[in-house]
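Me: I'd like a close look at one part of this protein, picked by you. Could you start from a single residue and work outwards, and tell me how that part sits in the whole?

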Amino acid sequence: MSKLEVEKWNTERDGPLNETSMRNKLESQGYSCIKYTFFAGTDFPDHTHSVSKKDSIVCGKFRFAMYGKEVILQPGDMIEVPAGVLHNASVVGSDPVVFFDATK
């Protein structure tokens, strides 16, 4: 079993967190990004993807489960999701989540 590791935003290195700075960081790592906004009640049951990706949170809280572990992703958190790995997620609370889906 692999580990569920969350990469944290580093304000000293990456500057203030906002949509532009998150997109710039992901693109500098070679990712193509699509921005989504997920509203309260949004739930993604167990699923997989055919490609590896990095999920990145700009604002809001997002519950994410993979490898039998669960975390609450906060603004600035990023998580690698390997192709073919079962995972699920949902919006936490009433605030919308601004989210980048990044793939290479």
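**One residue, then its surroundings**

Reply: Let's start with Glu 80, which counts as partly exposed because its relative accessibility is 43%, and buried would mean under 20% while exposed would mean over 50%. Keep in mind that this is a predicted model.

Glu 80 lies in strand β7. What does Glu 80 touch, not counting residues up to four places away in sequence? The list is Tyr 31, Lys 53, Lys 54 and Met 66. With Tyr 31 there is also a polar contact, side chain to side chain, at 3.2 Å. Glu 5 is worth a look too: Glu 80 and Glu 5 are 75 residues apart in sequence, yet their C-alpha atoms are 7.8 Å apart in space.

Now for the strand itself. β7 covers residues 78-81 and pairs with β4 in the antiparallel sense over 4 bridges. To find the register on screen, look for Met 78 in β7, the bridge partner of Ser 56. β4 has another antiparallel pairing, this time with β9 (residues 97-103), over 6 bridges. In that pairing Lys 53 stands opposite Thr 103. So Lys 53, one of the residues that Glu 80 touches, has its partner in β9.

Is β4 open to the surroundings or enclosed? Strand β4 (residues 53-59) has 6 of its 7 residues buried, so the rest of the structure largely encloses it.

Next, step to either side of β7. Asp 77 is in the loop between β6 and β7. You might look for an acidic residue on the outside, but Asp 77 is buried, at 2% relative accessible area. Its side chain makes a polar contact with the side chain of Lys 8 at 3.1 Å. Beyond its neighbours within four places in sequence, Asp 77 is in contact with Val 6, Glu 7, Lys 8, Asp 55, Ser 56, Ile 57 and Ile 72. Ser 56 is in that list, and Ser 56 is also the bridge partner of Met 78.

On the other side, Ala 83 has its place in the loop between β7 and β8. Ala 83 is partly exposed, at 35% relative accessible area. Leaving out residues up to four places away in sequence, Ala 83 touches His 49, Ser 50, Val 51 and Ser 52. For Ser 50 and Ala 83, the C-alpha atoms are separated by 5.2 Å although the two residues are 33 apart along the chain.

What about the hydrophobic packing? In the largest nonpolar core, Phe 62, Phe 64, Met 66 and Val 97 touch the most other members out of 15 residues. β7 is among the elements that give two or more residues to this core, along with β5, β8 and β9. The largest share is 3 residues, from β5. Met 66 ties back to our starting point, since Glu 80 touches Met 66.

Phe 62 is a good one to click on. Not counting residues up to four places away in sequence, it touches a long list that includes Phe 38, Phe 44, Ile 57, Ile 72, Val 92, Val 97 and Phe 99. There is also a second, separate core of 10 residues, with Met 22, Cys 33, Met 78 and Phe 100 among them. Met 78, the partner of Ser 56, is thus part of this second core.

A word on the other sheet: four strands form an open sheet in the order β3-β8-β5-β6, with antiparallel pairing. Its edge strands are β3 (43-47) and β6 (69-73), each pairing on one side only. β5 (residues 61-66) and β8 (residues 87-92) pair over 6 bridges, with Lys 61 standing opposite Val 92.

Finally, zoom out. The protein has 2 helices and 9 strands, and from the N terminus the order is β-α-α-β-β-β-β-β-β-β-β. Buried residues make up 40% of the 104 residues. The radius of gyration is 13 Å, which agrees with the value near 13 Å for a compact globule of 104 residues. The C-alpha trace spans about 35 × 30 × 20 Å along its principal axes. Among contacts between residues at least 6 apart in sequence, 71% join residues at least 24 apart. The polar contact between Glu 80 and Tyr 31 is one you can look up on screen.

Note on methods:
Residues are numbered from 1 along each chain as its sequence is written. This is a predicted model: local features need pLDDT of at least 70, side-chain atom pairs count only at pLDDT 80 or more; totals for chains, interfaces and linings use all residues. Side-chain values use heavy atoms; hydrogens and water are left out. Two strands pair if DSSP finds at least two bridges between them. Buried means under 20% relative accessible area, exposed over 50%, partly exposed in between (1.4 Å probe, protein chains only). A polar contact is a pair of N or O atoms within 3.5 Å; within protein, one must be able to donate a hydrogen and the other to accept it, and residues adjacent in sequence count only if both atoms are side-chain atoms. Contact means heavy atoms within 4.5 Å. A nonpolar core is a set of buried Ala, Val, Leu, Ile, Met, Phe, Trp, Tyr and Cys residues joined through side-chain atoms within 4.5 Å. The radius of gyration is taken over C-alpha atoms; the globule rule is 2.2 Å times the number of residues to the power 0.38.
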